[in-house]
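Let's take a walk through a protein together, one feature at a time. Keep the sequence and the 3D view open as you read.

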Amino acid sequence: MNKKKIGYIFVLAGLVVLLGSVFLYINNRIMYFNAVLKSKGIVAGISEYSDDISEKVKEYEKNNEDLKEEDILSLEFGETKYIGYIHIPKFEQSIPVKEEEKDSEGLDYIPYLYFKNTSYNNMLICDKYAGGQLEKLKTLEIDDEIDFIDILSNLTVYKIKSKKIIYRYEELMSSEEELTFAFPLYGKGIYVVVCERETKLE
C-alpha cells in the first residue's frame with residue numbers, strides 16, 4: 001500500500017471521528033434543551049401542587065389519618081419523585097431537583113439530591129453528567145443568590161459562599177455546609193458551589 005492510500009485512510013478515519021463527535025455533541029444538546037423544557041413543566045406542576053397541599057392536609061386531619069412525611073415532601077411526575085426546585089434570580093431560571101438518581105432514567109440532565117439530613121439543613125445536589133443545568137452556576141459570583149423552594153412552597157434563600165474544583169465526590173460526604181452543588185466537568189474534575197443561608201438583618 002503506497003503512502004498516498006495510507007494518507008487517505010488516516011484522513012477518512014479522522015473525518016469519521018470528527019463527525020461522530022459532532023453528532024454526539026448535537027445529540028447531547030438536544031437532550032439538554034428537552035430537559036430544560038421538561039423542567040419548566042415540572043416546576044409549574046410543583047407550584048400547582050403546593051397550592052393544593054393545604055387541602056390535602058385538612059383531608060387527612062378530617063379523616064384522622066396520619067400524614068406521612070414522604071406524601072408532602074416529594075411529588076411524583078411519571079415514575080420520578082421531586083423534592084422541589086432551585087431558582088436562580090440572576091438568570092430567572094428554575095430547575096427541579098429529583099429525590100434520587102435512577103439509572104433507568106438515562107441522560108435527562110435534571111439534578112438530583114445526593115444526600116440530606118433529616119431537616120434539610122444540609123443538602124448536596126448533583127448533576128450526573130457534564131453539561132447539565134447546574135453548569136450555569138459556574139458563571140455566578142460569590143454572594144449571588146440561589147433559592148430553594150420545597151414541595152410546600154417554603155422558600156430558603158442562599159448566598160454563594162465559595163467555589164472550587166475537586167476530584168472525588170467522597171470529599172463532600174463529610175461536609176456540614178448548608179447547601180452544596182456539585183457537577184462533573186468535561187474532561188476531569190467536579191465543580192463545587194457551596195452556599196449558606198442568607199442572614200437577614202433585624
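**Turns, rings and hidden spaces**

Start at Asp143, which is exposed, because its relative accessible area is 53% and residues count as exposed over 50%. Bear in mind as you look that this is a predicted model. Asp143 lies in the loop between strand 5 (123-126) and strand 6 (145-150). Its backbone deserves a look too: Asp143 has a positive phi of about 80°, although it is not a glycine. Why point that out? Most residues other than glycine have a negative phi.

Another residue gives you a second example. Glu92 is not a glycine either, and yet it has a positive phi, of about 50°. You can find Glu92 in the loop between strand 2 (80-88) and strand 3 (93-98). With a relative accessible area of 62%, Glu92 is exposed.

Now return to the loop between strand 5 and strand 6, where Asp144 also has its place. Is Asp144 buried or exposed? Its relative accessibility is 17%, so Asp144 counts as buried, since the cut-off for buried is under 20%. Asp144 also shows how a chain can bring separate parts of its sequence together. Asp144 and Pro89 are 55 residues apart in sequence, while in space they are 8.7 Å apart, C-alpha to C-alpha.

Let's step back and see the whole fold. The protein has 2 helices and 9 strands. In what order do the elements run from the N terminus? The order is α-α-β-β-β-β-β-β-β-β-β. Of the 202 residues in the protein, 41% are buried.

Next, turn on the side chains and look for aromatic rings. How many aromatic pairs does the structure hold? There are 4. A pair of aromatic rings is described by the distance of the centres and the angle of the planes. Try this on Tyr112 and Tyr114: their ring centres are 6.4 Å apart and their planes stand at 40°, so this pair is tilted. The partners can also be described by their accessibility. Tyr112 is buried, with a relative accessible area of 11%, whereas Tyr114 is partly exposed, at 32%.

Another pair is made by Phe183 and Tyr191. Their ring centres lie 5.4 Å apart and their planes are at 25°, so the pair is stacked; for that label, the planes must be under 30 degrees apart. Phe183 is buried, with a relative accessible area of 1%, and Tyr191 is buried as well, with 12%. Rings can also gather in groups: Tyr112, Tyr114, Phe115 and Tyr169 form one aromatic cluster.

Some rings have a charge over them. Tyr191 is one of these, with the charged end of Lys138 sitting over its ring, 5.9 Å from the centre. In a similar way, the charged end of Lys136 sits over the ring of Phe91, 5.0 Å from the ring centre.

What about empty space inside the protein? A search of the whole structure finds 2 cavities of 30 Å³ or more. The largest cavity holds about 40 Å³ of space. It is lined by 10 residues, and the closest to its centre are Asp108, Tyr109, Ile110, Lys128 and Tyr129. By class, the lining of the largest cavity divides into 3 nonpolar, 2 polar and 5 charged residues.

The second largest cavity also has about 40 Å³ of space. Which residues line the second largest cavity? They are Phe115, Asn122, Met123, Leu124, Leu172, Ser175, Glu177 and Thr180. This lining has 4 nonpolar, 3 polar and 1 charged residues. You may recognise Phe115, which is also a member of the aromatic cluster with Tyr112, Tyr114 and Tyr169.

Finish with the cysteines Cys126 and Cys195. Cys126 counts as buried, at 0% relative accessibility, and Cys195 also counts as buried, at 0%. A disulfide is a covalent bond between the sulfur atoms of two cysteines. How many disulfides does the structure hold? The count is 0.

Definitions and conventions. Residues numbered from 1 in each chain as written. Predicted model: local features only at pLDDT ≥ 70, side-chain atom pairs only at ≥ 80, totals over all residues. Heavy atoms only, no water. Phe/Tyr/Trp six-rings, centres within 6.5 Å; stacked < 30°, edge-to-face > 60°. Buried < 20%, exposed > 50% of the residue type's maximum accessible area, 1.4 Å probe, protein only. Lys NZ or Arg CZ within 6 Å of the ring centre and 35° of its normal. 1 Å grid on protein atoms, 1.4 Å probe; cavity = no way out; pocket = protein on both sides within 12 Å on 5 of 7 lines; lining within 4 Å. Points joined across faces, edges and corners; volume = space filled by probe spheres on them. Nonpolar A, V, L, I, M, F, W, Y, C, P; charged D, E, K, R; others polar. Disulfide = S-S within 2.5 Å. Helix = DSSP H or I, 4+ residues; strand = E, 2+ residues; numbered from the N terminus.
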